[in-house]
Amino acid sequence: LLDGKIDSIIKKLEEEMKEYSKNLEFEKAAAIRDRILAIERVSEKQKVSNISENNIDVIGLYKNEVTVCIEMFFIRNSKMIGREHYFFDELKDMEEEEIVSGFIKQYYMDMDKKNFPSKIMQRYKLEDKEEIEKWLSDLGNRKVEIKCPQKGEKLRFVEMAELNSKITLENKMKDKTEILSELRDVLELESLPLKIESFDISNISGNFIVAGMCVAQNGVIKRN
């Protein structure tokens, strides 16, 4: 179903529905009919207009001063079958081109070959585009192209992925702010605790003293 291959599913359900009707089990037949209609509605919503190619991954990126969010759309058989998002606090100071280039190399390194896209669409002109394409093609045993669409439906999908990454990141930051607001109220602070430093000191009978410090900035752990 997620791959958009619904014909065989519907055929099987139709056979079940006919069998129930034949045996005068009309309530069960009606339930199967409703399931078929639901699957057809899902399939209709999956359709991607004006994109005839198969196996496209779309990458959208948005970052702020705290973190980076990458949103991915997966288009298979002219249908959008899913999406994922990832956060990278440590990449916030890098240029967008570097982030996308590094993400592609990391993301597809361990991917199952049967799930490899034929095209990867994103916003930026990557300096090592040709090298990455060759590496991906060798890795996936198929030709893989990295595209930077300038107009039309493909650009619209890149923009949609970027918008989703922005909304996802804003929601994440909103959650952080709400947590900090609760902490401020509990501790009766005058302002939000935007920077928190916590210390832990261990020792063995007063000897071998070791101290560690953790830092949170804007509700996000600063691992460096």
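The following questions and answers concern a predicted model, and they treat its strands, a helix, its cores and its cysteines.

Reader: Which residues stand on each side of β2, and are they buried or exposed?

Author: In a regular strand the side chains alternate between the two faces of the sheet. In β2, one side carries Val68, Ile70, Met72, Phe74 and Arg76. The other side carries Cys69, Glu71, Phe73 and Ile75, and the residues of both sides are all buried.

Reader: Why is β2 described as largely enclosed by the rest of the structure?

Author: A residue counts as buried when its relative accessible area is under 20%. β2 is largely enclosed because its buried residues number nine of nine.

Reader: In what sense do β1 and β2 pair, and which residue of β2 is the bridge partner of Gly60?

Author: β1 and β2 form a hairpin with four residues between them. Their pairing is antiparallel and extends over eight bridges. Within this pairing, the partner of Gly60 in β2 is Glu71.

Reader: How is β2 joined to β3, and which residue of β3 stands opposite Phe74?

Author: The strands β2 and β3 run antiparallel and are joined by eight bridges. They form a hairpin with two residues between them, and Asn77 in that turn has a positive phi of about 50°. Opposite Phe74, in β3, stands Gly82.

Reader: What length does helix α5 reach from its first C-alpha to its last?

Author: Helix α5 covers residues 152-187, which is 36 residues. At 1.5 Å a residue, a span of 52 Å is expected. The span in the model is close to this, at 53 Å.

Reader: Which strands help to cover the buried residues of α5?

Author: The buried residues of α5 include Leu155, Phe157, Ser165 and Met173. Among the elements that cover the buried residues of this helix are β1, β2, β3, β4 and β6.

Reader: Is Ser165 buried or exposed, and which backbone nitrogen does its side chain reach?

Author: Ser165 lies in helix α5, and it counts as buried because its relative accessibility is 0%. Beyond its neighbours within four places in sequence, Ser165 is in contact with Gly60, Leu61, Tyr62, Cys69 and Glu71. At 3.4 Å, its side chain reaches the backbone nitrogen of Tyr62.

Reader: Which element gives the largest share of the largest nonpolar core?

Author: This core has 23 residues, and those touching the most other members are Ile70, Met72, Ile104, Tyr108, Ile120 and Leu136. Two or more residues come from each of β1, β2, α3 and α4. The largest share, six residues, comes from α3.

Reader: Which residues does Ile70 touch, and how many residues does the second core have?

Author: Setting aside residues up to four places away in sequence, Ile70 touches Ile59, Gly60, Leu61, Glu84, His85, Tyr86, Phe88, Ile99 and Phe103. A second core is separate and includes Ile56, Ile75, Met121 and Phe157. The number of residues in this second core is eight.

Reader: How many disulfides are there, and why is Cys148 in no bond with Cys69?

Author: A disulfide is a covalent bond between the sulfur atoms of two cysteines. The cut-off applied to a pair of cysteine sulfur atoms is within 2.5 Å. The sulfur of Cys148 is too far for a bond, because the closest cysteine sulfur, in Cys69, is 19 Å away. The count of disulfides is therefore zero.

Reader: Which of these terms, buried or partly exposed, applies to Cys69, and which to Cys148?

Author: The relative accessible area of Cys69 is 0%, so Cys69 is buried. Cys148 has a relative accessibility of 23%, and therefore counts as partly exposed.

Conventions: Residues are numbered from 1 along each chain as its sequence is written. This is a predicted model: local features need pLDDT of at least 70, side-chain atom pairs count only at pLDDT 80 or more; totals for chains, interfaces and linings use all residues. Side-chain values use heavy atoms; hydrogens and water are left out. The expected span of a helix is 1.5 Å times one less than its number of residues. Buried means under 20% relative accessible area, exposed over 50%, partly exposed in between (1.4 Å probe, protein chains only). Contact means heavy atoms within 4.5 Å. A nonpolar core is a set of buried Ala, Val, Leu, Ile, Met, Phe, Trp, Tyr and Cys residues joined through side-chain atoms within 4.5 Å. Two strands pair if DSSP finds at least two bridges between them. A polar contact is a pair of N or O atoms within 3.5 Å; within protein, one must be able to donate a hydrogen and the other to accept it, and residues adjacent in sequence count only if both atoms are side-chain atoms.
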